[in-house]
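Biologist: Could you walk me through this structure, one question at a time?

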Amino acid sequence: MFLLRWPFCCFLLAFHKPACGWVRHDVSEVTCSQGLSECTVVAVMPFAIPESDAVDIQTITAKVELCCKENTSCTLCLLMEAEIAIHVDEDMAKKLQSKQDTEEDTQAATISAAFVTLCYNTPPTFPACKRVDFTVTPTGLEQKVAKISLVITNPSAVSFSSIVYVYSSKAMHPRKEVVSPSLNEVCSQNRRKPIKECHVPTISSVINQKMNQVELKFSGESNVCIQYEADGRCQSWERKTIPLHSVTPCLCLQVWDDDRRSQSCPFKNMGFLQENVWRNLTASVDRGRMNDKGQMLLWNLTAPCRLEGEVWPCRWTLPYICTEIEGFRQQLGNSTWKQNRSMLWVKKGVFEDINLQLSTCVMVRLRNGGLHLGPFCSHQTARWRWNLLAVAVLLVITLTALILCLLHDFIKSKFKWIAVGSKGHVVLLSPPDVHNDISEVCGLGSRLSSQGFSVSVDQWSRMEQCNLGPLPWLHSQLLHVKNLGGRAVLILTRKTMGLVQEWSQQHREALRAGSGDGNAPQSPYSDVFMASLSLILGDKQQGRTGERFLLVTFEQDVAQSAGSLPEPFQGLHLFQLPSQMKTLLCELTGGAKGKAEGGRIKAGWKWATLDGWKSKTKNATCSQGTIHVQCKYSGI
């Protein structure tokens, strides 16, 4: 029999090691009542269990509760109590009835090596069994009844809310069903000692309106997923930010670790996020035919959240009014939405036996806020609407041709001035601190424009920079310089030299550290000027120093310190205005004289002439653009 048990045990071991009783993490303690002695407990395999004829189990009671001991954490315990009956044979009964037995006879009146076996299991796991060995004392022989209490700490495969079956090894005894306490029940009790399983990971969210995102804060070891609606599918989320346009009132967050999971829906009462639901709502409409060849209109709504409201077909009575067709209105209910693979909720419907000549559009009314959306129409619109579109296109073409005929002479002269009179393109780039002398920059731009140059001033182009971004705008201007000729002119001030020197030092440190560019703009509008520094360094590395950029200054002390220019500006032509205005014009038009004079800067210029320049330009206005434009853009 022993040889037959081992193959079966090894077969079970391949699938479930605890089945053979070899792997046990529980701790068992046994307590016997009066009449039993030398009680011990040992784990046995749950099959081919030998039975003792000397004792028999009459009743079994069991329960699962939380056990907390000193210097240990609280854990589940399985408490089993068995009432056993002791069988006394005739010889033993005669000895007990005799009042004159000696002490030795009394000691001999015992039953040795008696035992009972108690088993438990939690489906679908294999059972675990405990054999309690004991010796029946004379008192037990007289009483014929005794009790055994078995406490199993951390029972195998038993967890919170588990169903545990307790039974004796003898088949004649029925099984007892016990339910372990739930985790919520245990964690709701006030206990002095913390319970590991009761730790619930938390997650918090902060809306960053400036960055247009929601910032999540949670433990780095926790897992996070996001879901639309509390019962929707949860998608794993590894980032700590969520784009604000994706956040809706029905968005919920789940966070969990090895033991517990928590769910929160922090955006439920934030009404301003309801607009994201409406923006992300899409509708499609299509035509169809029923089996009886009747016409039907199919519609499909997709939204991040389940919506309540109504949908109905409509027909165009006026160019901008779609009137409801009575008798087809349908309700949008929460229970009829289904979630697709993209985590969006989808509602499908159909209007049967409808005249598609009257309607191929639907309207939607949402119960939350009474908002009307639509009309949503199929791609096959009515013929009269195509005719209306064709008439509109012909009307636009006719008006365009008429305007071109009336402005023929003006357009011809304009193109002729552009082709003949333009001397090139000049880009004026101002440093961050040039706002104090804005009139001088405007005066320089006006002077160059009057000389036949096409001029772009970064101070005049704030709105265009907002739309394109600073660096794309600069590249577009340099492309005009390449195609039309000219230069990019950088306005140089005392403060600018300090900023550029700092930028140059950061750039060198960044290159040594291998982290790329060390540019650190000092104001929201310094990106264009600072970005030009990288382009200047690039030109130097390619041997094209001064081909696209040159410097001008309105300050005499800057001109006198030309020999100590920051590294990015070394090798560039520097002109002091207004005394070298003619030389600057020659340089911009490509004259050899401008190059010769622009390569040297004399310290003996007279600053007094600048007052005359200021007097001429102090009333200049930058009408070409708006100076103080507030805009936001991401990066360059």
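Below, we talk through the cores, a helix, a surface patch and some salt bridges of this predicted model.

Biologist: Let's start inside. Which element gives the largest share of the largest nonpolar core?

Modeller: That core has 40 residues, and L216, I242 and F351 touch the most other members. The elements giving it two or more residues are β11, β12, β15, β18, β23 and β24. The largest share is 4 residues, and it comes from β18.

Biologist: And which domains does this core draw at least three residues from?

Modeller: Look at the strands again: β11 covers 213-218, while β23 covers 345-352. Now set those beside the domain bounds, 200-274 and 286-382. The core draws at least three residues from each of domain 2 and domain 3.

Biologist: How many residues are in the second, separate core?

Modeller: You can find this one by looking for V55, M80, I148 and I152, which are among its members. Its residue count is 37.

Biologist: Is helix α15 largely enclosed or open?

Modeller: Check its residues, 581-588: M581, T583, L584, L585, E587 and L588 are buried. That makes 6 of the 8 residues, so the rest of the structure leaves α15 largely enclosed.

Biologist: Is L394 buried or exposed?

Modeller: L394 sits in helix α7, residues 383-406. Together with L389, V393 and I397, L394 makes a nonpolar surface patch of about 380 Å². Exposed means over 50% relative accessible area. L394 has 56% relative accessibility, so it counts as exposed.

Biologist: Cool, on to charges. How many residues apart are R494 and D557?

Modeller: These two form a salt bridge, with their closest N and O atoms 3.2 Å apart. R494 belongs to helix α12 and D557 to helix α14, so the pair links distant parts of the chain. R494 is exposed at 53% relative accessibility, and D557 is partly exposed at 34%. Along the chain, they are 63 residues apart.

Biologist: What about E567 and R508: how far apart are their closest N and O atoms?

Modeller: E567 lies in the loop between α14 and β30, and R508 is in helix α12, so the pair ties together parts 59 residues apart in sequence. They meet in a salt bridge, where the closest N and O atoms are 2.8 Å apart.

Biologist: Last one: in the D539 and R548 salt bridge, which residue is buried?

Modeller: Their side chains meet at 3.0 Å, N to O. R548 has a relative accessible area of 22%, so it is partly exposed. Its partner has just 3%, so the buried residue is D539.

Note on methods. Residues numbered from 1 in each chain as written. Predicted model: local features only at pLDDT ≥ 70, side-chain atom pairs only at ≥ 80, totals over all residues. Heavy atoms only, no water. Core = buried A, V, L, I, M, F, W, Y, C linked by side-chain atoms within 4.5 Å. Buried < 20%, exposed > 50% of the residue type's maximum accessible area, 1.4 Å probe, protein only. Domains from an automatic or database assignment. Patch = residues over 30% accessible without salt bridge, like charges linked within 9 Å, V, L, I, M, F, W, Y side chains within 5 Å. Areas by Shrake-Rupley, 256 points an atom, 1.4 Å probe, with all protein chains shown as cover. Salt bridge = Lys/Arg side-chain N within 4 Å of Asp/Glu carboxyl O.
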